[in-house]
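Me: I am new to reading protein models. Please take one part of this structure and look at it closely, then show me what surrounds it.

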Amino acid sequence: MLLVTAFCSKRGWKTWSLTLGLLLVTAASAQAATYQEAPELAAKVEAGELPPVAQRLPDEPKVIEPYFDIGRYGGTIRSWVSDLQSNNLHNEALREELITPKRGLEVEFGAWEPSLATAWDFSDDYRSVTLSLRRGVRWSDGDPFDAEDLLFVVNDMWYSDAVDYDPPPWALFEDDARIEAEALDAHTVVLRFPVPLPLFLEYQAEYFWETYVPSHFIRRSHPAYNREASQANFEAAVDRVAVGRPTVGPFMVTRRGSSDLVTVRNPYYWKVDTEGNQLPYADRYTMRLLTPETAALQTVAGQVDFKMSGYAFSDYPVVKENEVRGDYHASLVPSSRGLNDVLELNYDAPNKQLAAMFRERDFRRALSFAIDRSDLIETLYLGQIEPKFLPTLPDSLAWNEQFNTMHLAHDPAQAGTLLDGLGLSDRNGDGWRDYPNGERVAMKIETYAELESWGRAAELVAGYFQAIGLFAEPDVRPAQLLLQDLGAGRLDTLLLWSTWYPDPFAATRWFDPAVRPPAFNQTTGVYQWFETGGTEGREPNAVEARLHELAVEGPQATDPKRRQALAQELSRLWAESLYTIGLTGQGVTPLVVHNRLGNVPADTMAFYEDPGQYMAQHFWRIEQWYLKE
Amino acid sequence: MLVYIVRRCLNMIPVMLLISAVGFVIIQLPPGDFLTLYRQNLLTQGDPAAEAEVARLAARYHLDAPLWQQYLGWMQGFLVGDFGESFVHRRPVRELLGESMALTVILSLAALLFSWLVALPVGIISAVLRNSAVDRALNVISVIGLSVPNFLLALILLLVSVFVWDVSAVGLFSPEYADAPWSAAKVLDLLTHLWIPMVVIGSSDAASLARVMRANLLDHLHSPHVTVARAKGLRHAVVIFKHAVPLAVNPLVSQLGMTLPSLISGSVLVSIVLGLPTAGTLFHEATLYQDMYLAGTFLLFTSLLLLVGNLLADIVLVLLDPRTRYT
């Protein structure tokens, strides 16, 4: 009755026709949602080699708003690497996560957006999460992406007896407890954890390990499903940078030679831009193997479209000077290293007296006072780094101005006083301090010869220590020689880099002595004590014990405020005890972007290259880069 | 002649076996092994999966077996054409070397050609115009070519090509042509990239060859048979090129056999600097990482080249100089 009256009255007519009209229009537009694709793919569709684009895309493709313009199809993006065996290669152009950190021109840390998973729902105690997968996504060979691809990882890789494949550290629990994975339907997965995992989103975002695989592809090489397959076949199938392995990333590998890696557009990529153009815009993304010097020359010649980090810092001035010649833009951006240079002391060094001295807080304070940080930064980084003591990143839960700026003073006199107080004075008149028993205090500042500027840093640091009477020598060796002693715990010190993740508990290995002790001493000392349950090694002191406790409690703390409090405690503990000695500060790294590469927000973003977590490509959104010419 | 060749070929086998054994041991001599390096590399990159990865590799490549067992296992593979697997690349050695050998040999042959094409005329001119200004100038250039290290010369030429000629000669092809099908343009692109390594690698050899050629020719220019030729009234050019040069070239040809392998190993640093995908770069990486099978196979291959090269040189010598007798 109401309907008829509405229909009949004048006003009712208008409302009705309006509503009807709207309904019709929406229905029509939904039906006619068209997508565009790259010409080379369109040609393949014509030839019958590929299904039409609407069938290749999922029901609701992820829409990416380009940073600046709608791009054009075509072209090859050229980059370079200095190591073709590195794990980072996978990160460059191939990786996608289930849930992506929210990144855009405005950086919003701690926020997440749907990617391969459209929804995620944690239980209140964070002991389970329900993931809804994006419907209709396909692997690069056309096979559907579904719940099976997640279950396979948990059931057939991590916890399978048929293959030797280790779960990631966060999936290992006491008493061999396991994560359970269950598929509620083809696109819904429930994961149940034995302990609360509030940092699950952070874990699944790291590129070191996978939470989904092309199960249809790996199954063929899995011994449990194919009797003729061996462990070697399985490992070859699991290799993420192998030619022929299906991917859901924007590009897929077509050649992995000894001097370059070539990737081409993935025809089944599941993202489109705001006008319905299937991404990526570029046809290809190539990485060439070059030494940093040659790479600098290549860049100057205009042959590099994009590269972040990798350049030797000393080459940066040349690269910067020739921006016009090479038609590119070069700048220095903050890197993901909380501390680009840090001195780690081996608390169980071969020389027992030295080890005992290292464990004295006053000795560490003296070492820190001896270092002239402004001189170090000026020499190594042309003054481009802000000195800092802790390996925290600016957005970190552990960030604390007070602790960051502790122990930065350069005061050799104070250092001398502290050393005198420890009983270290020159007993035989040779100009070097000695232990009470007359033996000279000697230590080596050890690092890699060929990597970056650590060799130079070691020389400078040794000089600073010599200035306060300690016989310190730089010991800068090629990797093969250094690594022998490193593995055996024989180094006195180690000069390297360090970082804590924005949520430090997402990667406890950076501060937990039970996982990665200072100077990598996994042979003697505290690490052994934790490994053997107390039968071997040295019993941890209060600081080390607390660090380990934080590493266990932090990742399971479901209340973000609690985690923040723990992170702040970590900072305080680390700073007050000088567990490692920060030498410089957050690293800066050269960034080169060619002017012909569009939609790269090189200047307008505050960001940093990530150590594996908030993947760099998701700042960049590499899929929406395009070649302008 | 045939008997001689066959006997020489048979002699090669024990020599190769000896080289393989010695090479295998030497590659292993630096302390530690591939696994320690790999593991620590991963650790310093911050990769937490290092330990497990290493244990797997140890099992897979039998790196915990005694040395002689590993050697025998490797040798056994040779019978079926399996040269082992590269730890670093996780691919069969045969594939890796096969990919890069073609380019390596082309490059070395090109360098060889260049060095001879330059050395012979320079040596002849120097000898004929002895002590003239031309001779002295060529002498200076030869010495510079001999003394400047290859990789430095490569870097300098690269710098010059980038900053003066606005062309980058890194790698084999410009990125546009790398995957493109072969065409005239692609060949031209290849040539523009090949000239620097060709010149650099060939230059030091060219310099020493030129000096040797000069000295030899000088000796022969005053020998009796050349004097006779002159006395007969033959033209100057004929005297030099038909009578003196063939004899002067004799010692150069005999060392030709050793040139190819030395060019290959001499090209390692240059290839690294110029980003060329040659076997030299593979070998360098293999020795650094103690990638035994790759390094050992490469070593054997170059040794084979040396032996075969020597044999070929001896045969050419016989053809060139009838006075030679094969013993």
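What follows is a close look at one helix, then a sheet and the chain as a whole.

Reply: The model is predicted, and the part chosen here is helix 17 of chain A, which covers residues 412–421.

Begin with its buried residues. In helix 17 of chain A, A:Ala415, A:Gly416, A:Leu418 and A:Leu419 are buried. When the helix is viewed down its axis, the buried residues lie within an arc of 165°, so they line one face of helix 17 of chain A. The general background is that an α-helix has 3.6 residues a turn, so residues three or four places apart point the same way. Now turn to the other side of helix 17 of chain A, where A:Ala413 and A:Gly421 are exposed. For these labels, buried means under 20% relative accessible area and exposed means over 50%.

What covers the buried face? Part of the cover for the buried residues of helix 17 of chain A is helix 14 of chain A, residues 361–370. Just past the end of helix 17 of chain A comes A:Gly423, with a positive phi of about 90°.

Elsewhere in chain A there is an open sheet of 4 strands, in the order 2-12-10-9, with mixed pairing. Its edges are strand 2 (76–81) and strand 9 (251–256) of chain A, each of which pairs on one side only. On average, neighbouring strands in this sheet are turned by 20° against each other, direction ignored. One pairing in chain A joins strand 10 (residues 260–265) and strand 12 (residues 284–289), which run antiparallel and share 5 bridges. Within strand 12 of chain A, A:Thr286 is the residue that stands opposite A:Val262.

Now the whole chain. Chain A has 23 helices and 22 strands. Of its 629 residues, 59% are buried. Among contacts in chain A with a separation of 6 or more, 70% are between residues 24 or more positions apart. The exposed area of chain A is about 24,900 Å², and carbon and sulfur atoms supply 51% of that area.

Finally, confidence. Chain A has a mean pLDDT of 86, and 89% of its residues reach 70 or more. Two stretches to treat with care are given next. Over residues 27–32 of chain A, pLDDT stays under 50, and the model has 0 contacts there beyond four places in sequence. Residues 609–615 of chain A also stay under 50, but for them the model has 35 contacts beyond four places in sequence. Where pLDDT is low, the predicted coordinates should not be read in detail.

Definitions and conventions. Residues numbered from 1 in each chain as written. Chains lettered and ligands numbered in written order. Predicted model: local features only at pLDDT ≥ 70, side-chain atom pairs only at ≥ 80, totals over all residues. Heavy atoms only, no water. Pairing = 2+ DSSP bridges. Helix = DSSP H or I, 4+ residues; strand = E, 2+ residues; numbered from the N terminus. Axes fitted to C-alpha atoms, helices over the stretch in contact; angles between N-to-C directions. Buried < 20%, exposed > 50% of the residue type's maximum accessible area, 1.4 Å probe, protein only. Arc of directions from axis to C-beta. Contact = heavy atoms within 4.5 Å. Areas by Shrake-Rupley, 256 points an atom, 1.4 Å probe, with all protein chains shown as cover. pLDDT = per-residue confidence, 0-100.
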